[in-house]
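Let's walk through this protein together, starting from a small detail and working outward. Keep the structure open beside you as you read.

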Amino acid sequence: IGPLAAADTDTAVKIRVVLSAYSAVLGAADGTAGNVAHALTAAQFQALGLREVDAGSESRLLSDVVDGRARVAVDSQPELLLLAQAVQAVIGAAGGGVAPSLAQLSTLGITGATPDNLPVGRRARDATADDGSAVDSVQELRAIVTQAAATHAQALQDLRSYSGASGESAPNLQHYADAGVFGVDNATLAAVTSVLAIRPAD
């Protein structure tokens, strides 16, 4: 109750609302994902001071994140606020906002993202629905990051293995983009690719 505004706890009814919301969060956070009968609501998060969490994709993703956490990881308002900020970054990015940082993805329990493959994952998120409905679960986020990592690794391998041999398919712009090589366009593609063909083998 301490971090909340005085106006949120100035009556017995308001205090009961806060305690009920906090009890729901701690009940969901049992360390086992996917076993909560009823998702936590935006109203419950807002009662705990997370006023910016909306009733759509943000509350669904935040509820899913809390569901998989141990109780000690969500037993303070600052911990919940950190999760909420990371969730809002993810959902905001789906709508064209600034992409979440590696630290924010890690906060949500998403591993496998690196500075190199992060742009690939960002493009995948950008291609999803603007309302965040395609990234409003931990499973969906993990799937995007896993695919981005695989796409990035394959593109790097294709570039490294290109030799320019007769009949060999040359890398295209998508290969460079997926590998995180920026600045290659239609005007420079042939020249850059020719350098790949004559470089020393790895």
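The side chain of T128 reaches the backbone oxygen of R125 at 2.6 Å in this predicted model. Where along the chain does T128 lie? You will find T128 in the loop between α6 (118-126) and α7 (138-161).

Is T128 buried or exposed? Its relative accessible area is 17%, and since buried means under 20%, T128 counts as buried. Now look at what surrounds this residue. Leaving aside residues up to four places away in sequence, T128 touches A94, A134, V135 and I144.

Let's step back to the whole protein. Its secondary structure consists of nine helices and zero strands, so the pattern read along the sequence is simply α-α-α-α-α-α-α-α-α. The radius of gyration is 22 Å, well over the 17 Å that the globule rule gives for 202 residues, so the protein is more spread out than a compact globule. You can follow this along the principal axes, where the C-alpha trace spans about 80 × 30 × 25 Å.

How much of the protein is buried? Of the 202 residues, 35% are buried. Among contacts between residues at least 6 apart in sequence, 58% join residues at least 24 apart.

Finally, turn to the surface and the charges. The accessible surface comes to about 10,500 Å², and 57% of it belongs to carbon and sulfur atoms. The protein has 12 positive and 21 negative charges, and the mean positions of these two groups are 4 Å apart.

Definitions and conventions
Residues numbered from 1 in each chain as written. Predicted model: local features only at pLDDT ≥ 70, side-chain atom pairs only at ≥ 80, totals over all residues. Heavy atoms only, no water. Helix = DSSP H or I, 4+ residues; strand = E, 2+ residues; numbered from the N terminus. Rg over C-alpha atoms; globule rule 2.2 N^0.38 Å. Buried < 20%, exposed > 50% of the residue type's maximum accessible area, 1.4 Å probe, protein only. Contact = heavy atoms within 4.5 Å. Areas by Shrake-Rupley, 256 points an atom, 1.4 Å probe, with all protein chains shown as cover. Lys, Arg positive; Asp, Glu negative; His and termini not counted. Charge placed at Lys NZ, Arg CZ, Asp CG, Glu CD. Polar contact = N/O pair within 3.5 Å; in protein donor to acceptor, adjacent residues only side chain to side chain.
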